[in-house]
Amino acid sequence: MEAKEKPAIAFALSLIGGIISLIGVIISMVFSIIFMRYLFGPLEGVFSTILGEKGSSLIWNYLIIDIIMFSLPNLICAIVIIIGAIILNSSEKGRVLAGGILVLVFSILSILFLFTTGLLLLLFFLAPLVILLGIVLSLVGGILALTWKPEKVSEQQFTVIPPPP
């Protein structure tokens with residue numbers, strides 16, 4: 001049984017990029033939620049005075065929901081990038097192209113989502129850089145998957161030499 005060639009570098013870069021992006025998004029969500037109280041803590045008295053105790057807790061709930069909603073598109077993009085990387089780990093040209101297109105499209109979407117929600121994610125400033133590193137790796141992996149061509153196997157390797165008389 002012969003081993004078929006796969007786009008190993010494109011697969012590895014796309015998968016690592018997707019995993020790094022996923023970890024970055026999760027870190028940014030967790031740290032944003034944890035540090036939200038500390039960053040806006042001095043305003044809690046103002047919120048309580050103006051809106052009352054229930055109004056103050058509602059603002060915190062809305063801020064947490066906003067963080068999750070703004071991070072959700074990047075989270076979905078990272079998961080789809082990982083799925084695309086798994087799809088492109090094939091020896092069939094069609095699957096490689098489909099996986100490469102998935103990785104490339106969702107990497108570009110992830111860049112757009114990152115820059116539209118970047119100000120909110122800057123509460124923990126290192127996470128957007130980690131997400132951006134993952135996006136760049138998956139972009140390179142997607143481009144490599146789209147340009148991948150299996151090597152042509154020469155027929156000389158499979159010629160049968162007759163046994164000596």
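Among contacts in the chain between residues at least 6 apart in sequence, what percentage join residues at least 24 apart? In this predicted model, the share is 79%. The chain has 165 residues, of which 31% count as buried. Its secondary structure consists of five helices, with zero strands, and the order along the sequence is α-α-α-α-α. The accessible surface amounts to about 10,300 Å², and carbon and sulfur atoms account for 76% of that area.

The interior is described here through its nonpolar cores. In general terms, nonpolar side chains of soluble globular proteins tend to be buried together. The largest nonpolar core of the chain contains eight residues, namely Val25, Met29, Leu75, Leu104, Leu114, Ile131, Ile135 and Leu139. At least two residues of this core come from each of the helices α1 (8–40), α3 (93–116) and α5 (126–146). The greatest contribution is that of α5, which provides three residues. A second core, separate from the largest one, is formed by seven residues, including Ala10, Leu88, Val96 and Val103.

Two serine residues in helices were examined together with their surroundings. Ser14 is found in helix α1. Its relative accessibility is 0%, which is under 20%, and Ser14 therefore counts as buried. Beyond residues up to four places away in sequence, Ser14 touches Ile81, Ala85, Leu88, Val103, Leu137, Ser138, Gly141 and Gly142. Among these, Leu88 and Val103 are also members of the second core. Ser107, placed in helix α3, likewise has a relative accessibility of 0% and counts as buried. Apart from residues up to four places away, Ser107 touches Ile81, Ile135, Ser138 and Leu139; of these, Ile135 and Leu139 belong to the largest core. The C-alpha atoms of Ser107 and Ser138 are 6.5 Å apart, although 31 residues separate the two along the chain.

Gly100 is another residue of helix α3, and its relative accessible area of 0% makes it buried. With neighbours within four places in sequence left aside, Gly100 is in contact with Leu88, Gly142, Ala145 and Leu146. A distance of 8.9 Å separates the C-alpha atoms of Gly100 and Phe11, which lie 89 residues apart along the chain. Phe11 also serves as a point of reference for Leu144, a residue of helix α5. Between the C-alpha atoms of Leu144 and Phe11 the separation is 8.9 Å, with their positions 133 residues apart along the chain. Leu144 has a relative accessibility of 34%; this value lies between the limits of 20% and 50%, so Leu144 counts as partly exposed. Its contacts, other than neighbours within four places in sequence, are with Ile9, Ala10 and Leu13. Of these, Ala10 is part of the second core.

Val80 lies in helix α2. At 18% relative accessibility, Val80 is below the 20% limit and therefore counts as buried. When residues up to four places away in sequence are not counted, Val80 touches Leu102 and Phe106. In the case of Phe106, the C-alpha atom is 7.0 Å from that of Val80, and the two residues are 26 apart along the chain.

The connection between two helices was also considered. Ser90 lies in the loop between α2 (44–88) and α3. Despite this loop position, Ser90 counts as buried, because its relative accessibility of 9% is under 20%. A polar atom of the Ser90 side chain is located 3.1 Å from the backbone nitrogen of Glu92. Residues up to four places away being excluded, Ser90 touches Glu5, Lys6, Pro7, Arg95, Val96 and Trp148. Val96 is, in addition, one of the residues of the second core.

Nonpolar side chains also occur at the surface. Ile26, Val30, Ile34, Phe35 and Tyr38 make a nonpolar surface patch of about 480 Å². One of them, Ile34, is situated in helix α1. Its relative accessible area is 45%, between 20% and 50%, and Ile34 is therefore partly exposed.

Definitions and conventions
Residues numbered from 1 in each chain as written. Predicted model: local features only at pLDDT ≥ 70, side-chain atom pairs only at ≥ 80, totals over all residues. Heavy atoms only, no water. Core = buried A, V, L, I, M, F, W, Y, C linked by side-chain atoms within 4.5 Å. Buried < 20%, exposed > 50% of the residue type's maximum accessible area, 1.4 Å probe, protein only. Helix = DSSP H or I, 4+ residues; strand = E, 2+ residues; numbered from the N terminus. Patch = residues over 30% accessible without salt bridge, like charges linked within 9 Å, V, L, I, M, F, W, Y side chains within 5 Å. Areas by Shrake-Rupley, 256 points an atom, 1.4 Å probe, with all protein chains shown as cover. Salt bridge = Lys/Arg side-chain N within 4 Å of Asp/Glu carboxyl O. Polar contact = N/O pair within 3.5 Å; in protein donor to acceptor, adjacent residues only side chain to side chain. Contact = heavy atoms within 4.5 Å.
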